[in-house]
Amino acid sequence: MLPWITADTSDRIKTMRDTSLAKLVREDLLEHILKGDIKPGDRISEPDVASRLQVSRVPVREALRELESSGLVVSRKHAGVFVRAIEAKEVQDLYEIRSLLDSFAGAKAANLAATPRQELAQALSASIALMMTAQEAANLAAYYSENLHFHWLIVQGAQNEQLSRTYQEVVQKLHLARLQSLSHVTGMKTSIAEHHDITLAIANGDSERAKDMLAKHVASAYARLQPSITAEQSMPPPTNPQETT
């Protein structure tokens, strides 16, 4: 699961007074999409969602509009709303943007004052330890999740709210691409070594090295993913997209 998505519905219930119903519906649908419960190409049934969440169709409609504006679903005339299938060219474009965002975040994090910078470096080191454990256990899902957490720590460390929001949108689309391509995490050993170098650059306050390392790291990640994305694009689309809530 992506690090900014929580499966704990009690947290959402506690904040219902301060949150619109449409936002709660959006968060529920977003969670199901990003967990892969609703897959790329699946149709989202408005009445079924309303029935499951025991709300009217108005907040469901509003939630779907918000998801469409963020590029995760698409509305097709006379057909309904579908989870988007991300095409290979868009994946390439998104990785180029992610490279810029990650490198910018790394430079900002390396420029933090000594205390918060060292605290971030400690958190990153702990994240690397979890990735190493996942690698040793050949637990691809755990490695992938912790890898996302590592990068999210750096983005949060940059202390730029707009950066965080943009980063979420980009990575959520890339996550959809990974779900639809059924790709596996590869090059874990190399990736972990790169994570060590990135952490050291941030700990040392070397903003230029942190920036360069993160740009190269994201480029390497795209190079590893590209074959599976290309293979997925060559497959014929499903003839009967599954309808789901």
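Here is a chat between a visitor and a guide about a predicted model of a protein chain.

Visitor: What is the chain built from, and in which order do the elements run?

Guide: The protein chain has 10 helices and 4 strands. Starting at the N terminus, the order is α-α-β-α-α-β-β-α-α-α-α-α-α-β. Of its 245 residues, 47% count as buried.

Visitor: Let's look at two helices. Why is H2 called oblique to H4?

Guide: The axes of H2 (residues 21-34) and H4 (residues 57-69) cross at roughly 55°. Angles under 35 degrees would count as roughly parallel, and roughly perpendicular covers 65 to 115. The crossing angle of roughly 55° fits neither range, so H2 is oblique to H4.

Visitor: How far apart are the axes of H2 and H4, and which hand does the crossing have?

Guide: The two axes come within 8 Å, and H2 passes H4 in a right-handed crossing.

Visitor: Which residues meet there, and what classes do they belong to?

Guide: On the H2 side you'll find, among them, Leu-21, Val-25, Arg-26 and Ile-33. Those on the H4 side include Pro-59, Glu-62, Leu-64 and Glu-66. By class, the contact of H2 with H4 has 11 nonpolar, no polar and 3 charged residues.

Visitor: What makes Glu-66 and Arg-26 a salt bridge?

Guide: Their side chains meet at 3.7 Å, N to O. The cut-off is 4 Å, so the pair of Glu-66 and Arg-26 counts as a salt bridge. Glu-66 sits in H4 and Arg-26 in H2, 40 residues apart, and the pair links distant parts of the chain.

Visitor: Why is Glu-66 called partly exposed?

Guide: Its relative accessible area is 29%. Buried would need under 20%, and exposed would need over 50%. Glu-66, at 29%, falls in between, so it is partly exposed.

Visitor: How many salt bridges are there in the whole structure?

Guide: A search finds 9. One joins Glu-46 and Arg-61, at 3.0 Å from N to O. Glu-46 belongs to helix H3 (residues 46-53) and Arg-61 to H4, 15 residues apart. Glu-46, Arg-57 and Arg-61 are linked in a network of salt bridges.

Visitor: Are Glu-46 and Arg-61 buried or partly exposed, and how do you know?

Guide: Glu-46 has a relative accessible area of 15%. That is under the 20% limit, so Glu-46 is buried. Arg-61 has 37%, which lies between 20% and 50%, so Arg-61 is partly exposed.

Visitor: What about Arg-98 and Asp-102: where do they lie, and what makes them a salt bridge?

Guide: Both lie in helix H5 (residues 88-110), 4 residues apart, about one turn of the helix. Their side chains meet at 2.9 Å, N to O. That is within 4 Å, so Arg-98 and Asp-102 form a salt bridge.

Visitor: How do you know whether Arg-98 and Asp-102 are buried or exposed?

Guide: Arg-98 has 7% relative accessibility, and Asp-102 has a relative accessible area of 1%. Buried means under 20%, so Arg-98 counts as buried, and Asp-102 is buried too.

Visitor: Where is Thr-166, and how far is it from Arg-98?

Guide: Thr-166 is in helix H8 (residues 161-181). Its C-alpha atom is separated from that of Arg-98 by 9.3 Å, and the two residues are 68 apart along the chain.

Visitor: Why is Thr-166 called partly exposed?

Guide: Thr-166 has a relative accessible area of 36%. With the limits at 20% and 50%, that value lies in between, so Thr-166 is partly exposed.

Note on methods:
Residues numbered from 1 in each chain as written. Predicted model: local features only at pLDDT ≥ 70, side-chain atom pairs only at ≥ 80, totals over all residues. Heavy atoms only, no water. Axes fitted to C-alpha atoms, helices over the stretch in contact; angles between N-to-C directions. Parallel < 35°, antiparallel > 145°, perpendicular 65-115°, else oblique. Left-handed = near helix turned anticlockwise from the far one by under 90°. Contact = heavy atoms within 4.5 Å. Nonpolar A, V, L, I, M, F, W, Y, C, P; charged D, E, K, R; others polar. Buried < 20%, exposed > 50% of the residue type's maximum accessible area, 1.4 Å probe, protein only.
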